[in-house]
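I opened my notebook for this chain and looked things up one element at a time. Here are the entries, in the order that made sense to me.

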Amino acid sequence: AYYFSCTENFEKSLALLLEFVSTPYFTDETVAKEQGIIGQEIGMNEDSPDTRVFENLMEGMYQNHPIRVPILGTKQTIARITPKVLYQCHKAFYRPSNMLLCVVGDVDPDAVVRIAKEQLPGEGERPVQRAQVWQEEMSTAAKTLCANMEVAMPMFQLGFKSVPLPDGDEGVRQEIVGDLAAEALFGES
């Protein structure tokens, strides 16, 4: 998400924001700097009991799906990022069909549309195809995963695998029933 707020020069600000989003600039130096910052974030997450218990749950629940790997990645995966990789990702995913522009305030909607059309790339290329559909067994990769950390109170998370919910009203109903059951069994009450 990229955002700004302003009291004047809205149209110029919107054009600048959309230009930044649609025309990336990556160098070896900027990538190295960000790798250092992300490395520090990874270190902070490794020291966070809340994060560690959640990441252990995902690692234990899934055998193949990439959700089993922390969203920040690892120091090894971050080290493999190059400007070329970032440009490829930008080309694949930073396209209007993957974006939502939300504007709030006393603005001219026609001007917003005009600026967006001027600044954002066209949709001439084919959409990106999903590289792989991750197949998961209903069994978990591990029954339990434990981490020892200094915490005031022990922490745990519990997960249950289920088949994907159906679309529509039935899926919504099943999700609500599941949420209510989880709250009744494991909520603060």
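**Ground rules.** I took helices (H or I, at least four residues) and strands (E, at least two) as DSSP runs, numbered from the N terminus. The model is a predicted one, so I kept in mind that local features need pLDDT of at least 70 and side-chain atom pairs count only at pLDDT 80 or more, while totals for chains, interfaces and linings use all residues. Residues are numbered from 1 along each chain as its sequence is written, and side-chain values use heavy atoms, with hydrogens and water left out.

**Entry 1, Leu-18.** I started in helix 1, where Leu-18 has its place. Is Leu-18 buried or exposed? I call a residue buried under 20% relative accessible area, exposed over 50%, and partly exposed in between (1.4 Å probe, protein chains only). Leu-18 has a relative accessible area of 6%, so I noted it as buried. For contacts I asked for heavy atoms within 4.5 Å. Not counting residues up to four places away in sequence, Leu-18 touches Ile-115, Ala-116, Gln-119 and Leu-120. I also looked up a far pair: Leu-18 and Gly-187 are 169 residues apart in sequence and 43 Å apart in space, C-alpha to C-alpha.

**Entry 2, helix 6.** Those contacts sent me to helix 6. I found its buried residues to be Ala-111, Val-112, Ile-115 and Ala-116. Seen down the axis of helix 6, these residues fall within an arc of 135°, so they line one face of the helix. The arc is taken from the directions from the helix axis to the C-beta atoms. A reminder to myself: an α-helix has 3.6 residues a turn, so residues three or four places apart point the same way. What do the buried residues of helix 6 pack against? They pack against helix 1. On the other side of helix 6, I listed Pro-109, Asp-110, Lys-117 and Glu-118 as exposed.

**Entry 3, the loop between helix 5 and helix 6.** I checked three residues here.

- Val-107 is found in this loop; I noted Val-107 as partly exposed, at 25% relative accessibility. Leaving aside neighbours within four places in sequence, Val-107 is in contact with Phe-10 and Val-112. Val-107 and Phe-10 are 97 residues apart in sequence, yet their C-alpha atoms are 8.0 Å apart in space.
- Asp-108 lies in this loop too, and its relative accessible area of 41% makes Asp-108 partly exposed. From Asp-108 to Gln-132, 24 residues apart in sequence, I read 42 Å, C-alpha to C-alpha.
- Cys-102 is found in the loop as well. At 61% relative accessibility, Cys-102 counts as exposed. The C-alpha atoms of Cys-102 and Val-112 are separated by 9.8 Å, with their positions ten residues apart along the chain.

**Entry 4, Asn-9.** I went back to the segment before helix 1, where Asn-9 is found. Asn-9 has a positive phi of about 60° although it is not a glycine. With a relative accessible area of 47%, Asn-9 is partly exposed.

**Entry 5, helix 2.** How far apart are the end C-alpha atoms of helix 2? I expected 1.5 Å times one less than the number of residues. For the 19 residues of helix 2 (residues 28-46) that should span 27 Å, and the end C-alpha atoms are 27 Å apart, which agrees. Its buried residues are Val-31, Gly-39, Ile-42 and Gly-43. They cover an arc of only 120° around the axis, which puts them on the same side of helix 2. I found that they pack against helix 4 (75-79) and helix 5 (83-93). On the other side of helix 2, Glu-29, Lys-33, Gln-40 and Met-44 are exposed.
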